[in-house]
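Visitor: I should like a close look at one part of this model, the surroundings of the bound ligands. Please describe the contacts there, and then the packing of the helices that supply some of the residues concerned.

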Amino acid sequence: MEAIKRKSLFIAFEGIDGSGKSTQLRRLTEFLQRKGYKVHTTAEPTTRPIGRMIRDIFNHRMVADNRTIAGLFVADRLDHILNKDDGMLRLLDEGYIVITDRYYMSSYAYQGAHVPLEWVIGANSLASELLRPDITIFIDMPVGKALDRVRKGRNTLELFESEDNIRQVTAMYEKVIKMIGSDENIVRINGDRSEDEVADEIETLVVAFLHDSLNS
Ligand code: ADP
Ligand code: TYD
């Protein structure tokens with residue numbers, strides 16, 4: 001009973017591009033695996049057909065309206081939750097800790113900057129009812145520094161990665177955290193530190209959560 005409770009943990013990482021999400025997701029995964037947990041890491045947009053279509057739009061291989069993109073993210077997310085091969089509900093059921101790089105808060109922040117936020121939240125309501133993160137780790141990072149990190153890694157920016165857009169997305173994240181903060185367990189982590197410092201704080205937080213859920 002206790003083991004099932006402990007293992008069915010669902011964590012979402014959120015933050016702007018370059019905030020360090022993927023790096024910290026990898027670090028947390030390795031940390032939990034060293035402790036003996038079964039961990040499944042995943043990301044949105046997914047690598048499945050709907051996710052691939054979204055990436056084609058981001059890489060300018062296909063053109064789509066922002067409203068269409070918002071709809072595709074909803075469909076990709078439902079497939080991410082529900083598909084029978086490696087859907088998140090199935091893996092949680094099998095006892096994996098599931099950690100995702102981005103989830104519905106990304107749609108609120110990124111699509112909410114272009115289409116009405118109420119619509120985005122409504123369109124994602126099935127996903128938020130089906131599977132709500134136990135912890136959403138929001139990595140807070142100044143826009144300029146986050147984009148410097150992205151630019152260092154590659155020389156082109158994807159759709160949505162202009163400085164103006166990322167500033168808008170940052171403002172949307174703040175708005176959304178205020179709006180839904182009381183219904184969700186959102187933990188803000190200062191990402192403007194060394195990789196090790198950020199990883200230590202996240203590990204401490206997740207260990208405390210596992211400990212609490214074990215003892216409740
Ligand atoms: P995201 O997934 O949020 O876009 P990444 O984890 O891919 O961010 O990090 C973006 C870039 O910044 C990568 O090149 C990564 O190595 C680097 N990076 C990540 N965390 C830190 C950190 N704490 N300090 C300095 N550079 C970092
Ligand atoms: P990705 O290459 O995974 O970027 P990163 O590693 O920086 O997260 O692409 C994800 C992009 O998709 C990113 O710019 C944010 C955007 N996005 C949305 O616009 N809406 C969403 O619902 C999600 C999940 C991502």
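Guide: In this predicted model, a polar atom in the side chain of Arg77 lies 2.9 Å from an oxygen atom of ligand 2. Asp17 also makes a polar contact with this ligand: an N or O atom of the Asp17 side chain is 2.9 Å from an oxygen atom of ligand 2. Lys21 contributes a further side-chain contact, with a polar atom 3.4 Å from an oxygen atom of ligand 2. In total, 16 residues surround ligand 2, and those that come nearest are Phe58, Arg77, Arg102, Ser107 and Gln111.

Asp17 and Lys21 also appear in the surroundings of ligand 1, together with Ile16, Gly18, Ser19, Gly20, Ser22, Thr23, Arg149, Arg193, Ser194 and Glu195. Three polar contacts of ligand 1 may be described in turn. The side chain of Thr23 places an N or O atom 2.5 Å from an oxygen atom of ligand 1. Gly20 uses its backbone, where a polar atom is 3.0 Å from an oxygen atom of ligand 1. Glu195 likewise presents a polar backbone atom, here 3.3 Å from a nitrogen atom of the ligand.

The helices come next. Phe58, listed above for ligand 2, belongs to helix 3, which spans residues 49-58, while helix 4 covers residues 66-82. The axes of helix 3 and helix 4 come within 8 Å and cross at roughly 150 degrees. The two helices are therefore roughly antiparallel to each other, and helix 3 passes helix 4 in a left-handed crossing. From helix 3, the residues in contact are Ile50, Gly51, Met53, Ile54, Ile57 and Phe58, and they meet Ile69, Leu72, Phe73, Ala75, Asp76 and Asp79 of helix 4. This contact comprises 9 nonpolar, 1 polar and 2 charged residues.

A second pair is formed by helix 9, residues 143-153, and helix 10, residues 163-180. Their axes come within 10 Å and cross at roughly 130 degrees, which makes helix 9 oblique to helix 10. The crossing of helix 9 past helix 10 is right-handed. Val143, Gly144, Leu147 and Arg151 of helix 9 meet Glu163, Ile166, Arg167 and Thr170 of helix 10. By class, these residues are 3 nonpolar, 2 polar and 3 charged.

How values were computed
Residues are numbered from 1 along each chain as its sequence is written. Chains are lettered from A and ligands numbered from 1 in the order in which they are written. This is a predicted model: local features need pLDDT of at least 70, side-chain atom pairs count only at pLDDT 80 or more; totals for chains, interfaces and linings use all residues. Side-chain values use heavy atoms; hydrogens and water are left out. Axes are lines fitted to C-alpha atoms, for helices over the stretch in contact, and angles run from 0 to 180 degrees between N-to-C directions. Helices (H or I, at least four residues) and strands (E, at least two) are DSSP runs, numbered from the N terminus. Angles under 35 degrees count as roughly parallel, over 145 as roughly antiparallel, 65 to 115 as roughly perpendicular and the rest as oblique. A crossing is left-handed if the near helix is turned anticlockwise from the far one by less than a right angle, and right-handed if clockwise. Contact means heavy atoms within 4.5 Å. Ala, Val, Leu, Ile, Met, Phe, Trp, Tyr, Cys and Pro count as nonpolar, Asp, Glu, Lys and Arg as charged, and the others, Gly among them, as polar. A residue is near a molecule or strand if one of its heavy atoms lies within 4 Å of it. A polar contact is a pair of N or O atoms within 3.5 Å; within protein, one must be able to donate a hydrogen and the other to accept it, and residues adjacent in sequence count only if both atoms are side-chain atoms.
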